[in-house]
Amino acid sequence: MKQPDNLSARPRMVCALAGALTLALALPLYTSSAQTPKKKTANTTQSAKKAGTSAKSGSKSSKSKSASKSTGKTGKRRKYASKPTAQSIRLSSAFVASANLRPMAQQLAATRSAAAYAGVQNYAAAHPGEGAAAAYLALGHAYAQDHRPSDAAAMFRRAGAAGKALDDYADYLGAQASLQANRPADAYTLLDHFADRHPDSIFAATAPILLANAYLQSGDPQGAIRTLKPLADAPVGTKADFRYVLGHAYQLSGNAAAASEIYRKLYSQLPLSSEAQQSRSQLQAMGQPLTAGERKSHADQLFNAKRYTEAGDEYHEIAKNSSGLSTADLNALKIYEAVCDLKLKHLSRRDVEHLPDTGDDTAALKFYMLAEISRTENDASGHDAIINDMVKRFPSSRWLEEALYSGGNMYLLKHNSQQAIFHYTTLVTLFPRSTYAPSAHWRAAWMNYRLRNYSEAARLMDEQIERYGGGIEIPSALYWRGRIYEDEEHNFGQAANYYRALSATFTNYYYAILARQRLAVIGNKDKVDPAPVLASVHPTDIPDLSPELPEDDIHLIKARLLANASLNEFIGPEIAASPDSPEWGALAQAQIYVSFGEFTRALQSMKHSGLPYFALPIDQVPNIYWQLLFPKPYWADLVTDSQRNGVDPYLVASLVRQESEFNAGVVSHANAYGLMQLIPSTGKAAAKKSGIKHFTTNDLLNPAINLQLGTLNLKQVLDRFGGQAEYALAAYNAGDVPIRQWLSSNDYKDIPEFVESIPYTETREYVQAILRNREMYRALYPIR
């Protein structure tokens, strides 16, 4: 079971480390490193197209043409024009020819055992043509994973000779293996005019980089420059590997100035890439070390990415090795290094107090660190004194913004509503455009509700709806404003208006379910005109979801064929290469994964699609989408074990979906195992109670055992909290002790108020998600 942080703050870019550094060191953190793209010339565009570097891979001639979208209700069948081409027919034949290969290839990818290799080799021998080609691709891929590049290259060559359906994969992956085997001449042959031979390939954009590497490996930097320079303004030219290879080619050709310019831009603009560190090493080897300003900018971006160890080391090295820095520069660097130590919990109050005093924003940063240490030391009065001083001295510093949000969270955990409201309200007042502002504003509204300051809570909730209309807090604001209308103002008509707006706009959200329950209670009496604030609640645009796929799309067919060969990591990129894939890509990818039992990856594909499933009524989404979003693997065991232990099977299914996404083999960072994420000690205790002898921790990776023990454990948690699912789920996520502390105040009007009052963001969202998904499972799969 996952243990949350003290309080999960909304992810955001933290404040800028803007300081006193001169020498071009005053670059603030969290400025975008993205550059304005250069305008393409006609020649550049043509070069990019020739190399396959257009924004959407694939030539126009290969695009899957779909008929006009359906204009009616979501889920209406979309008609795709059925015009098979010679290429789609060849690919479909290859898919059929290699269908029986799939289980063997998937086993080879998973185990890479001698028996698995032999099985696929035997298949290749028995199925000449496209079946053999797919088998040799599977073998080559497995050999590459086993770091046997010569064997991999040999298999890819055989794949290219046996069939044509995936010859771009045979050529590209074969070239990769040849380079790893130090045979650049073979790579030349495979990559020669790659984009012309394979215009629809997903590798058309990156083949020039591989070819340039072949030139470099054979000692021909000019050949690499000729290959890459024409593409410098194309989209591929923005990639780290492209830039680095071109810079290295210039370096080896003797053009140090061109190499240096590329390396420096790569280091500063793409600091998180491995090529950035390689660029730094090359600059040092060339005798052209980076300036203090360049290194500071790089360190700032590492800090932005929460790579505090690397950022702190960089700040330290700048101060240690850069001559000519002013005292102000050195002082600022010490403070920047210290804030990295703070994030890594390696800093004490004494360390901060010994930091230099400065006259710029780093002084606010020092105060921020002291406030954080006061919070850690549970020194509320000391913390408040620092905050008050910061408000007076640094009212516009983003370090004050950070300190206010952190302080509000501290008092939220302490159940000190008045102080939490002060911190959150001050933040919204001083920093109305802050990324934290919507969350802080809602928490101030909720704290007022908990204090029974209903008029102020109502004002703030309506303000939340108007001011932050697209925020994640809106369902909460609509529901609880409706509750104030219903419970305190006895304006049942307006309460119903809020509940209906919530139910219509966020149909399958946790609070929409509660809203419909309230509507069932208050009925349709006392109808009144909707409050003006509800005009800010906009319904979700209904996407055109169809259960049909463009069966003649070459990228879709290739993706299915790749699954036969177990080249699974290329399924998503291949589908994305189709120009029309935004309409159907998530569905296609998920269906492919499910076809070989990968329910977890299918679920993840659907989740990551960005489609607003939960804002739509169930009957407006094709059933196949719901089945992929709410899968039923291990269903028979799940239902049997749930019923044996007297727990709701739908609750168990929803919990498994939340905990492991049905990945029976997952082990979390918290050392929780399997479907229901049981820690070993919990599993051992449940096994003993169940009479399972010779139990080992690895037994928890057996889905049948995990469900047997997990449902028993869930029943025990439910029993400890009187059978109340909300309490039990919160305890399952956060542990029993915090839940009993939260319940000790005993001042919650009802269960929903308890749920909204959970101070751990992760736990609150966890409880709400499982309860929402339980209703989805219940609606989709009635147990008879």
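**Exercise 1. Find the residues that line the largest cavity of this predicted model, then sort them by class and by helix.**

Solution. Start with the lining itself: A94, E130, A133, A134, L137, A165, L166 and L561 surround the largest cavity. Next, sort them by class: seven are nonpolar, none is polar and one is charged. Glu counts as charged, so E130 is the charged member of the lining. Now look for the element that gives the largest share: helix α5 (residues 130–145) supplies four residues. Finish with the volume, which comes to about 30 Å³. A search for cavities of 30 Å³ or more returns one in the structure.

**Exercise 2. Which residues touch the most other members of the largest nonpolar core, and what does M369 contact?**

Solution. The largest nonpolar core has 217 residues, and Y169 and M369 touch the most other members. For M369, set aside the neighbours within four places in sequence; the contacts are then I335, A338, V339, L342, L347, V352 and L355. Another core lies apart from the largest one; it has 26 residues, including I209, L228, Y263 and L266.

**Exercise 3. Compare the span of helix α22 with the expected value, and work out where its buried residues pack.**

Solution. Helix α22 covers residues 417–430, 14 residues in total. From first C-alpha to last it reaches 20 Å, close to the 20 Å expected at 1.5 Å a residue. Then list its buried residues, those under 20% relative accessible area: S417, A420, I421, H423, Y424, T426, L427 and V428. Lastly, trace their partners: these buried residues pack against α20 (380–393), α21 (398–413), α23 (437–450) and α24 (454–467).

Methods
Residues are numbered from 1 along each chain as its sequence is written. This is a predicted model: local features need pLDDT of at least 70, side-chain atom pairs count only at pLDDT 80 or more; totals for chains, interfaces and linings use all residues. Side-chain values use heavy atoms; hydrogens and water are left out. On a 1 Å grid over the protein atoms alone, a cavity is a set of points where a 1.4 Å probe fits but cannot get out, and a pocket is an open set with protein on both sides within 12 Å along at least five of seven lines; lining residues have an atom within 4 Å of a point. Grid points are joined across faces, edges and corners, and a volume is the space filled by probe spheres set on the points. Helices (H or I, at least four residues) and strands (E, at least two) are DSSP runs, numbered from the N terminus. A nonpolar core is a set of buried Ala, Val, Leu, Ile, Met, Phe, Trp, Tyr and Cys residues joined through side-chain atoms within 4.5 Å. Buried means under 20% relative accessible area, exposed over 50%, partly exposed in between (1.4 Å probe, protein chains only). Contact means heavy atoms within 4.5 Å. The expected span of a helix is 1.5 Å times one less than its number of residues.
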